[in-house]
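Reader: Could you take me through this model, please? I should like to begin with the overall fold and then look at one helix.

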Amino acid sequence: MNRRTPERPSETPAVTAAQMDYSGAVYGSLLAASVVVGAGSLGSFPRLELVLLLLCTGVVFWAAHVFSRLFGARMVHHLSWEVVRRACAEERPIIKAAIPPAGAVAISPILGLDVKAAAWLALGVALAGQVGWATVAASRAGASRRLMLLAGVINLLLGSVIVVFKVALQH
């Protein structure tokens, strides 16, 4: 039995900061990068639309993960408000990962960036989050420095694929 799929909901232990599962933050950062790339041409308020698209996509994917956690693994078990609350909290990193790229877009006018540069900034922030969270996850799991580096490099490569798609789609 692992922490993410207990046999019974009452067996799920409290999660400390050191035990936190960072996969949602890594996933959410990659999702945010994908949203930036897939946004394409936005309407008359492109910055606001991109901020809302990032945040709303994060919320929708968070809800999908909560639903799948509650009903995928627990269909045969009693479902309580405590179990629902815990699932919502454990999947929250997906939403949190969308906030820094959305914030980057929101502050981009202060930095004097046009919409295209704001999208690149958001993409960079999302990818930095993805690599950072993967490295933190490896560190908190007690991985060696070599494995931490490997986790960062693999996530950087995944992020680079997103960048290649963005470049290809813009030309």
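Author: The following exchange covers the chain as a whole, then helix 5, its partner helix and one of its residues.

Author: This is a predicted model, in which local features need pLDDT of at least 70, side-chain atom pairs count only at pLDDT 80 or more, and totals for chains, interfaces and linings use all residues. Residues are numbered from 1 along each chain as its sequence is written, and side-chain values use heavy atoms, with hydrogens and water left out.

Reader: How many helices and strands are there in the protein chain?

Author: The protein chain has six helices and zero strands, where helices (H or I, at least four residues) and strands (E, at least two) are DSSP runs numbered from the N terminus.

Reader: What share of the residues is buried?

Author: Of the 171 residues, 34% count as buried; buried means under 20% relative accessible area, exposed over 50%, and partly exposed in between (1.4 Å probe, protein chains only).

Reader: Turning to helix 5, what is its span?

Author: Helix 5 covers residues 115-140, 26 residues in total, and reaches 37 Å from its first C-alpha to its last. That is close to the 38 Å expected at 1.5 Å a residue, the expected span being 1.5 Å times one less than the number of residues.

Reader: And what is found at its two ends?

Author: At the start of helix 5, a side-chain oxygen of D114 comes to within 3.3 Å of the backbone nitrogen of K116. After the helix comes G142, with a positive phi near 85°.

Reader: How do helix 1 and helix 5 cross?

Author: The axes of helix 1 (residues 23-38) and helix 5 come within 8 Å and cross at roughly 160°; axes are lines fitted to C-alpha atoms, for helices over the stretch in contact, with angles from 0 to 180 degrees between N-to-C directions. That makes the two helices roughly antiparallel, a term for angles over 145 degrees.

Reader: Which residues of helix 5 meet helix 1?

Author: Among them are A119, A122, L123, W133 and A134, and the helix 1 residues they face include A25, L30 and V37. Contact here means heavy atoms within 4.5 Å.

Reader: Is L121 of helix 5 buried or partly exposed?

Author: L121 counts as partly exposed, at 27% relative accessibility.

Reader: What does L121 touch?

Author: Not counting residues up to four places away in sequence, L121 touches A104, L111 and L113. L121 and A104 are 17 residues apart in sequence and 6.5 Å apart in space, C-alpha to C-alpha.

Terms used: Polar contact = N/O pair within 3.5 Å; in protein donor to acceptor, adjacent residues only side chain to side chain. Parallel < 35°, antiparallel > 145°, perpendicular 65-115°, else oblique.
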